[in-house]
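Open the model in your viewer and keep the selection panel at hand. This tour goes stop by stop.

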Amino acid sequence: MPKSKRPHPEVSIIVPTYNERENLPLLVQGVGKSLKGVKYELIIVDDNSPDGTGKLADELAKKFKNLKALHREEKKGLAPAVVYALKYARAPTVCVMDADLQHPPEKIPELLAEISGGADIAIASRYVRKGGVKRWGKRRKFISRGAEFLSRLTVPRVQELTDPLSGFFAFKREVVSDAELNPVGFKILLEILVKGTWKKIVEVPYVFGKRVHGKSSLGFREHFNYLRHLLRLMRAGGEASRFLKFCLVGASGVVVNLGLLWILTEVAGLFYLVSAAFSIEISILSNFALNELWTFRDRTRSTKGILKRATKFNLICVGGLVINLVILAALTELLGVYYMISALFGIAAATLWNYVISVMWAWRYAGVG
Ligand code: GDD
Ligand code: MN
């Protein structure tokens, strides 16, 4: 990259584009209008759009000296495009937004003000008071909410944010200076939240507008990419190994349960259903202890609240048992599945239930730091 003699900008605005030829001039104009008096650079990163957006970006870059056009050979996703552009961003503050004007440029100054005010990341949110979305059908709303739930489940650090999947946000460059960003798909903010270094986040309400020209690239493939991305983030953030630990503890509980059932019945001579009641409860308690000391060690720094957690975990396991039995009976009786196979499905569903509710309730994440 040749060294530029121009003074360093205060803000780098990064805009990924794919087939946005009609929107791009409007965006450039909108950003210019809302950032009057601010020294900024606008970085367009285009993935060889068939409609010629890249060429148009080059032309605009000749006309506006603060506009830079970057090109990648093929469509490789919104989030990786932003990571690519970050290498070229020179300002201490970065703002990421879409090209299609669904992210209103008038909001940029508010985001920047929050950063100057001490926030590490400022997110334009659809879901804080006064935020919203225009013209979304039930299906897109449902998918959006489902995606958000999954992010809370797999990325605990986002639990107190209302819109961790927003594509419109600003941040201090230093947040990502040590981070190895490696996202797939659309959710660049999620990647930065997991891998970046930050303390203070502020959310600013905005209304997600309707697309003026062209159409959204968010299709089935992006939903699949999103799940892939979450898996990666689970590994990076330690949540994948947490789930594994939880499963191992569960398996140990089965051993405790069966062992005790045998000893109490055969050695102590109790009626087998009485032994079963004891061994089930003891295995729940041993699972609880192991989860407390191992699986959720990072969330249980003291014994404070341990009785509450134990009660919750007991309730969760009772729920799991009911789910297990209902699935076992339904698959076997209604669908004629072999009962041992039904049992596997029952166990899988109960494990998932136990895990989700444990993570979100019994050992709920208590905040950053
Ligand atoms: N370079 C590049 N490569 N850009 C892309 C690609 C790609 O593969 N895919 C999409 N883009 C660009 C689009 O041109 C647009 O500027 C922006 O990324 C968003 O794409 P849309 O297809 O318009 O996405 P959306 O409106 O459905 O969803 C957006 O808004 C949501 C709410 O803030 C995204 O930003 C979501 O991540 C976000 O949750
Ligand atoms: Mn859009």
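**Stop 1: helix α9**

Select Ala276, which sits in helix α9. Helices (H or I, at least four residues) and strands (E, at least two) are DSSP runs, numbered from the N terminus. Before moving on, note that this is a predicted model, in which local features need pLDDT of at least 70, side-chain atom pairs count only at pLDDT 80 or more, and totals for chains, interfaces and linings use all residues. Residues are numbered from 1 along each chain as its sequence is written, chains are lettered from A and ligands numbered from 1 in the order in which they are written, and side-chain values use heavy atoms, leaving out hydrogens and water.

Ala276 counts as buried, at 18% relative accessibility. Buried means under 20% relative accessible area, exposed over 50%, and partly exposed in between (1.4 Å probe, protein chains only). Now add Trp262: its C-alpha atom is 9.0 Å from that of Ala276, with the two residues 14 apart along the chain.

Stay on helix α9 (residues 272-295) and pick Tyr272. Tyr272 is partly exposed, at 48% relative accessibility. Extend the selection to Leu270, Phe271, Leu273, Val274, Phe278 and Ile282: with Tyr272 they form a nonpolar surface patch of about 670 Å² accessible area together. Patch residues have over 30% relative accessible area and no salt bridge; like charges are joined within 9 Å, nonpolar side chains (Val, Leu, Ile, Met, Phe, Trp, Tyr) within 5 Å. Accessible areas come from the Shrake-Rupley method with a 1.4 Å probe; for residues, only the protein chains shown count as cover.

**Stop 2: ligand 1**

Select ligand 1 and its surroundings. Of 29 residues around ligand 1, Glu20, Asp47, Asp100, Leu165 and Ser217 come nearest. A residue is near if one of its heavy atoms lies within 4 Å.

Show these distances to oxygen atoms of ligand 1:
- Ser217, polar backbone atom: 2.5 Å
- Pro16, polar backbone atom: 2.9 Å
- Tyr206, polar side-chain atom: 3.3 Å

The protein covers 99% of the 740 Å² of accessible area that ligand 1 has on its own. Two elements, β1 (11-17) and α3 (78-86), give two or more residues to the shell.

Next, pick Asp47, in the loop between β2 (40-46) and α2 (53-63). Asp47 is buried, at 5% relative accessibility. The Asp47 side chain makes a polar contact with the side chain of Arg72 (2.8 Å). A polar contact is a pair of N or O atoms within 3.5 Å; within protein, one must be able to donate a hydrogen and the other to accept it, and residues adjacent in sequence count only if both atoms are side-chain atoms.

**Stop 3: the manganese ion**

Which protein atoms are donors of ligand 2? They are Asp100 (OD) and Gln102 (OE1), lying 1.9 Å from the ion. Donors are N, O and S atoms within 2.8 Å of the metal (3.2 Å for Na, K and Ca); water is not among the atoms, so sites may look incomplete. Asp100 is buried at 3% relative accessibility, and Gln102 at 11%.

**Stop 4: salt bridges**

The structure holds 14 salt bridges. Each is a side-chain nitrogen of Lys or Arg within 4 Å of a carboxyl oxygen of Asp or Glu.

Show Arg90 and Glu41, a salt bridge at 3.4 Å, N to O. Arg90 lies in the loop between α3 and β4 (93-96) and Glu41 in strand β2, so the pair ties together parts 49 residues apart in sequence.

Finish with Arg126 and Asp163, a salt bridge at 2.8 Å, N to O. Arg126 and Asp163 are both buried.
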